[in-house]
Amino acid sequence: MNYQTYSHNHRHNIMTPEQFNEITEAITNGRYSWACVLILRYIGYNPIHYIPQRTYSRLIQKNRLLITNTSHQNINNSDHYPDLSSLN
(Lines give C-alpha, C1' and ligand atoms only; values in the text may rest on other atoms or scores of the structure.)
Protein backbone atom coordinates (compact mmCIF):
# COMPACT_ATOMS: atom_id res chain seq x y z
CA MET A 1 0.00 0.00 0.00
CA ASN A 2 2.89 2.39 0.62
CA TYR A 3 4.01 1.81 -2.95
CA GLN A 4 0.65 2.96 -4.35
CA THR A 5 0.69 6.08 -2.19
CA TYR A 6 4.25 6.94 -3.22
CA SER A 7 3.51 6.25 -6.87
CA HIS A 8 0.37 8.38 -6.82
CA ASN A 9 2.12 11.34 -5.16
CA HIS A 10 5.22 11.02 -7.31
CA ARG A 11 3.18 11.11 -10.54
CA HIS A 12 1.74 14.47 -9.60
CA ASN A 13 5.23 15.89 -9.14
CA ILE A 14 6.42 14.74 -12.57
CA MET A 15 3.55 15.75 -14.85
CA THR A 16 0.38 17.78 -14.81
CA PRO A 17 -3.03 16.12 -14.63
CA GLU A 18 -3.65 17.22 -18.24
CA GLN A 19 -0.47 15.49 -19.39
CA PHE A 20 -1.37 12.33 -17.48
CA ASN A 21 -4.86 12.38 -19.03
CA GLU A 22 -3.35 12.75 -22.51
CA ILE A 23 -1.17 9.68 -21.90
CA THR A 24 -4.06 7.60 -20.60
CA GLU A 25 -6.19 8.71 -23.56
CA ALA A 26 -3.49 7.58 -25.98
CA ILE A 27 -3.29 4.21 -24.21
CA THR A 28 -7.08 3.83 -24.19
CA ASN A 29 -7.15 4.54 -27.93
CA GLY A 30 -4.50 1.88 -28.58
CA ARG A 31 -1.75 4.36 -29.49
CA TYR A 32 0.90 2.79 -27.26
CA SER A 33 3.92 4.11 -29.16
CA TRP A 34 2.58 7.65 -28.95
CA ALA A 35 1.96 7.18 -25.22
CA CYS A 36 5.62 6.19 -24.84
CA VAL A 37 6.72 9.34 -26.67
CA LEU A 38 4.51 11.46 -24.43
CA ILE A 39 5.79 9.83 -21.25
CA LEU A 40 9.39 10.39 -22.27
CA ARG A 41 8.73 14.01 -23.22
CA TYR A 42 6.76 14.87 -20.10
CA ILE A 43 9.35 13.48 -17.72
CA GLY A 44 12.10 15.42 -19.47
CA TYR A 45 13.77 12.84 -21.72
CA ASN A 46 14.41 13.20 -25.42
CA PRO A 47 12.46 10.41 -27.20
CA ILE A 48 15.08 10.37 -29.98
CA HIS A 49 17.50 8.75 -27.52
CA TYR A 50 15.13 5.80 -27.03
CA ILE A 51 13.12 5.48 -30.27
CA PRO A 52 14.55 5.14 -33.79
CA GLN A 53 14.48 8.42 -35.75
CA ARG A 54 12.26 7.00 -38.49
CA THR A 55 9.68 5.73 -35.99
CA TYR A 56 9.77 8.99 -34.05
CA SER A 57 9.29 11.05 -37.23
CA ARG A 58 6.33 8.88 -38.26
CA LEU A 59 4.72 9.26 -34.84
CA ILE A 60 5.23 13.03 -34.88
CA GLN A 61 3.70 13.37 -38.34
CA LYS A 62 0.76 11.16 -37.42
CA ASN A 63 0.09 13.07 -34.21
CA ARG A 64 1.02 16.58 -35.38
CA LEU A 65 -2.35 18.06 -34.36
CA LEU A 66 -1.94 16.73 -30.84
CA ILE A 67 1.50 18.32 -30.60
CA THR A 68 0.10 21.68 -31.70
CA ASN A 69 -2.61 21.51 -29.05
CA THR A 70 -0.23 20.55 -26.25
CA SER A 71 2.79 22.65 -27.21
CA HIS A 72 1.84 25.33 -24.70
CA GLN A 73 1.94 22.77 -21.90
CA ASN A 74 5.46 21.70 -22.86
CA ILE A 75 7.13 25.13 -22.89
CA ASN A 76 9.13 24.35 -19.75
CA ASN A 77 10.72 21.27 -21.36
CA SER A 78 11.08 22.59 -24.92
CA ASP A 79 14.89 22.48 -24.84
CA HIS A 80 14.80 18.68 -24.52
CA TYR A 81 13.18 18.05 -27.90
CA PRO A 82 14.45 18.28 -31.47
CA ASP A 83 13.17 20.97 -33.80
CA LEU A 84 10.00 19.61 -35.43
CA SER A 85 9.86 22.24 -38.16
CA SER A 86 12.16 20.15 -40.35
CA LEU A 87 9.51 17.42 -40.59
CA ASN A 88 7.24 19.48 -42.88
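Start by selecting Asn63, which sits in the loop between H4 and helix H5 (64–70). Keep in mind as you click around that this is a predicted model.

Is Asn63 buried or exposed? Turn on the surface and you'll find that Asn63 is buried, with a relative accessible area of 5%. Now show what surrounds it. Skipping residues up to four places away in sequence, Asn63 touches Arg31 and Trp34. Zoom in on Arg31: its side chain and that of Asn63 are joined by a polar contact of 3.5 Å.

Next, click on Trp34. Along with Ile23, Val37 and Leu38, Trp34 is among the residues with the most contacts inside the largest nonpolar core, which has 13 residues. Colour the helices to see where this core comes from: H2 (17–28), H3 (32–42) and H4 (53–62) each supply at least two of its residues. Which helix gives the largest share? That's H3, with six residues.

Stay in the core and select Val37. What is Val37 in contact with, once you leave aside neighbours within four places in sequence? Light up Pro47, Ile51, Tyr56 and Leu59, and you have the answer.

Last stop: the rings. How many aromatic pairs does a search of the whole structure find? Just one. Select Tyr45 and Tyr50 to see this edge-to-face pair, with 5.9 Å from centre to centre and 80° between the planes. Bring the surface back and check each partner: Tyr45 is partly exposed, at 41% relative accessible area, while Tyr50 is exposed, at 52%. The cut-off for calling a residue exposed is over 50%, so Tyr50 gets that label.

Key: Residues numbered from 1 in each chain as written. Predicted model: local features only at pLDDT ≥ 70, side-chain atom pairs only at ≥ 80, totals over all residues. Heavy atoms only, no water. Core = buried A, V, L, I, M, F, W, Y, C linked by side-chain atoms within 4.5 Å. Buried < 20%, exposed > 50% of the residue type's maximum accessible area, 1.4 Å probe, protein only. Helix = DSSP H or I, 4+ residues; strand = E, 2+ residues; numbered from the N terminus. Contact = heavy atoms within 4.5 Å. Phe/Tyr/Trp six-rings, centres within 6.5 Å; stacked < 30°, edge-to-face > 60°. Polar contact = N/O pair within 3.5 Å; in protein donor to acceptor, adjacent residues only side chain to side chain.
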